[in-house]
Amino acid sequence: MRKLLLLALVGLGAQLVDGSLGMAYGVTSTTLLLAINTSAASASATVHLAEIGTTLVSGAAHWRFGNVDWTVVRRIGVPGALGAFAGATFLSSLSTATAAPIMSLILLTLGVYVLIRFTVSGLPRGRVGLPLRKRFLGPLGLVAGFVDATGGGGWGPVGTPAILASGRLEPRRVIGSIDTSDFLVAIAASAGFLVGIGSENINFGWVGALLLGGMIAAPIAAWLVRMVPPRVLGSAVGGVIVLTNVRTLLLSDWVDASTGVRYAGYLVIAAAWAAAVAWSVRQHLADRTVEPVGAGDGPGEPATATS
């Protein structure tokens, strides 16, 4: 019961982050499941089954708050589903000993990217309103879907920064569209895992706990996307992902680091993480002091013209 409660709280926290940042539900939840010695394929399958419900509720909430561009959802979601099914069947064919460190490497890479991207750059601005082309969204969805299934997360960390970097869509609509299209990815990945490893290798109690926490948080996150500073949140979440997956790798047979080396590494990462969060808070406060009047439409949105 204690483990189910913990998973429900993780699902709640991860969905709060995912719904307000456009990433990290899968990466955060899968990282925890790997940390308690769940096999890589089972961890990813558990998270994606839970995501069918959380992304449905999250997408509906984002739609309600006007955060969804349905053209983007269609153009990135369909190829994303194809990539996710392929990634799920690929991961299912790997042995647990091989898959766990591979997944941790993928998650670590995504965590480092999220940490650096949001700490150094924050959210990009400019070129809002220009169309996002199908030749950009299609390949992006295919790659993001494959990474998402094999890494237990990655749809948001790959898709959200790529679309944000284009500067063509308001951040809240990027986040809402990525969260909504993730519903298609979750269905396809879940189908791939059910084919690859079978339902007997999935703990549906864990699925239910993650689902419950995520469904509670989803509508709150869709509302908070206008309120929470994404830069600070991105730095905080990136640090959690990096620290946890470095721990998994140092304990794996690939590295098998000594206790002293492990704890020295943890201290270095924790110090860098604290510095990154502090920097992001400082930059967020600095941006607020120079933000022009009328720029309060939401985190990262361009200022509203005033007469």
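Is phenylalanine 146 buried, partly exposed or exposed, and at what relative accessibility? In this predicted model, phenylalanine 146 counts as partly exposed, because its relative accessibility is 34% and the partly exposed class lies between 20% and 50%. Phenylalanine 90 falls in that class too, with a relative accessible area of 41%.

These two residues form one of the 2 aromatic pairs found in a search of the whole structure. The ring centres of phenylalanine 90 and phenylalanine 146 lie 6.0 Å apart and the planes meet at 35°, so the pair is classed as tilted. Phenylalanine 90 belongs to helix α4 (residues 70-92) and phenylalanine 146 to helix α6 (residues 134-151); the pair therefore ties together parts that are 56 residues apart in sequence. Tyrosine 263 and tyrosine 266 also pair, with ring centres 5.4 Å apart and planes at 80°, so their arrangement is edge-to-face. Both tyrosines are located in helix α11, 3 residues apart, which is about one turn of the helix. Tyrosine 266 is counted as buried, because its relative accessibility is 16%, and the limit for burial is under 20%.

The interior was examined next. In soluble globular proteins, nonpolar side chains tend to be buried together. The largest nonpolar core here comprises 47 residues, and Leu33, Val72, Ile76, Ile163, Phe193 and Leu210 have the most contacts inside it. Helix α3 (residues 40-64) supplies the largest share of this core, namely 7 residues. A second core, separate from the largest, has 8 residues, among them Val242, Val246, Leu250 and Tyr266. Tyrosine 266 is thus a member of this second core as well as a partner in the edge-to-face pair.

Within the largest core, valine 72 was considered individually. When neighbours within four places in sequence are set aside, valine 72 is in contact with Gly77, Leu132, Leu137, Ile163, Leu169 and Ser177. Leu33, another residue of the largest core, is among the buried residues of helix α2. This helix (residues 25-35) is mostly covered, with 8 of its 11 residues buried: Tyr25, Gly26, Val27, Ser29, Thr30, Thr31, Leu33 and Leu34. Asparagine 37, which follows α2, has a positive phi near 70°.

On the surface, Leu105, Trp254 and Val255 make a nonpolar patch of about 300 Å². Valine 255 is situated in the loop between α10 (230-251) and α11 (259-290), and counts as partly exposed at 45% relative accessibility.

Conventions. Residues are numbered from 1 along each chain as its sequence is written. Side-chain values use heavy atoms; hydrogens and water are left out. A nonpolar core is a set of buried Ala, Val, Leu, Ile, Met, Phe, Trp, Tyr and Cys residues joined through side-chain atoms within 4.5 Å. Buried means under 20% relative accessible area, exposed over 50%, partly exposed in between (1.4 Å probe, protein chains only). Helices (H or I, at least four residues) and strands (E, at least two) are DSSP runs, numbered from the N terminus. Contact means heavy atoms within 4.5 Å. Patches are made of residues with over 30% relative accessible area and no salt bridge: like charges are joined within 9 Å, nonpolar side chains (Val, Leu, Ile, Met, Phe, Trp, Tyr) within 5 Å. Accessible areas come from the Shrake-Rupley method with a 1.4 Å probe; for residues, only the protein chains shown count as cover. A salt bridge is a side-chain nitrogen of Lys or Arg within 4 Å of a carboxyl oxygen of Asp or Glu. Rings of Phe, Tyr and Trp (its six-membered ring) pair if their centres lie within 6.5 Å; planes under 30 degrees apart count as stacked, over 60 as edge-to-face and the rest as tilted.
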